[in-house]
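Here's a quick briefing to read alongside the model. Have the sequence and the 3D view open as you go through the points below.

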Amino acid sequence: MKQTKQKILDTSIHLIAKYGYANFTLGFLTQYMNISKGVVNYHFPEKDMVFDAIIHTYKESIHACKDMDEFLDFVFTHQDLYRSAREILLNCRDQAGRRVYDTIETQFFDNPYQQGVLDAGCINKMGNGFDS
């Protein structure tokens with residue numbers, strides 16, 4: 001059972017990274033994995049639970065990073081997780097239009113210039129993200 005849940009999570013990460021937050025549905029996930037919706041619903045009764053699990057995985061990973069270099073190494077080696085988490089962080093909104101999740105990477109920068117450096121570092125290490 002644990003392997004199935006992890007496979008659903010890994011596939012969700014891949015699909016969100018590749019197709020974006022707006023195009024991710026549980027139906028698309030079940031089609032892609034060729035499994036029944038009941039299997040997905042058993043592990044993740046709501047789509048938001050998939051997002052929560054991805055953000056939790058992402059948070060745990062980046063909090064282990066001690067500095068910007070480790071964070072950039074993490075981003076480079078876990079591109080799908082980084083891209084899917086960013087999609088969720090930037091696009092998941094409540095009914096009032098507010099972001100559901102706070103941006104997590106603030107431990108590495110405290111102003112817009114540093115965010116630009118982070119983005120440039122990520123692009124330099126992993127390309128622009130639009131090659132796939």
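The chain has seven helices and zero strands, so reading from the N terminus the elements simply go α-α-α-α-α-α-α. Keep in mind that this is a predicted model. The points below start with the whole chain, then zoom in on helix α2 and the loop after it, and end with side-chain pairs and confidence.

**The chain as a whole**

- Of the 132 residues in the chain, 37% are buried.
- Take the contacts between residues at least 6 apart in sequence: 62% of them join residues at least 24 apart.
- The accessible surface adds up to about 8,100 Å², and carbon and sulfur atoms account for 50% of that.

**Helix α2 and its buried side**

- Helix α2 covers residues 26-33, and its buried residues are Leu26, Leu29, Thr30 and Met33.
- Those four span an arc of only 95 degrees around the axis, which puts them on the same side of α2.
- The general helix geometry fits here: an α-helix has 3.6 residues a turn, so residues three or four places apart point the same way.
- What do the buried residues of α2 pack against? Their partners are α1 (2-19), α3 (37-43) and α4 (47-63).
- Thr30 is a good one to click on: it sits in helix α2 and counts as buried because its relative accessibility is 10%, under the 20% cut-off.
- Setting aside neighbours within four places in sequence, Thr30 is in contact with Ile35, Ser36, Lys37 and Val40.

**The loop after α2**

- Asn34 comes just after α2, in the loop between α2 and α3.
- Its phi is near 55 degrees, a positive value in a residue other than glycine.
- Is Asn34 buried or exposed? Asn34 is exposed, with a relative accessible area of 72%.

**Cysteines**

- How many disulfides does the structure hold? The count is zero.
- Cys65 is buried, at a relative accessible area of 10%.
- Cys92 is buried too, with a relative accessible area of 5%.

**The salt bridge**

- The count comes to one salt bridge, and the side chains that meet in it belong to Arg98 and Asp94, at 3.1 Å from N to O.
- As background, side chains of opposite charge can pair when their charged atoms come close.
- On the Arg98 side of the pair, the residue is exposed, with a relative accessible area of 53%.
- Asp94, on the other hand, is partly exposed, at 28%.

**How far to trust the model**

- The average pLDDT for the chain is 82, and 77% of the residues score at least 70.
- Over residues 106-114, though, the pLDDT is below 50. Beyond near neighbours in sequence, that stretch has 11 contacts in the model.
- Which other stretch stays under 50? That would be residues 125-132, for which the model has 12 contacts beyond four places in sequence.
- Where pLDDT is low, the predicted coordinates should not be read in detail.

Note on methods: Residues are numbered from 1 along each chain as its sequence is written. This is a predicted model: local features need pLDDT of at least 70, side-chain atom pairs count only at pLDDT 80 or more; totals for chains, interfaces and linings use all residues. Side-chain values use heavy atoms; hydrogens and water are left out. Buried means under 20% relative accessible area, exposed over 50%, partly exposed in between (1.4 Å probe, protein chains only). Helices (H or I, at least four residues) and strands (E, at least two) are DSSP runs, numbered from the N terminus. The arc is that of the directions from the helix axis to the C-beta atoms. Contact means heavy atoms within 4.5 Å. A disulfide is a pair of cysteine sulfur atoms within 2.5 Å. A salt bridge is a side-chain nitrogen of Lys or Arg within 4 Å of a carboxyl oxygen of Asp or Glu. pLDDT is the predictor's confidence in each residue, from 0 to 100. Accessible areas come from the Shrake-Rupley method with a 1.4 Å probe; for residues, only the protein chains shown count as cover.
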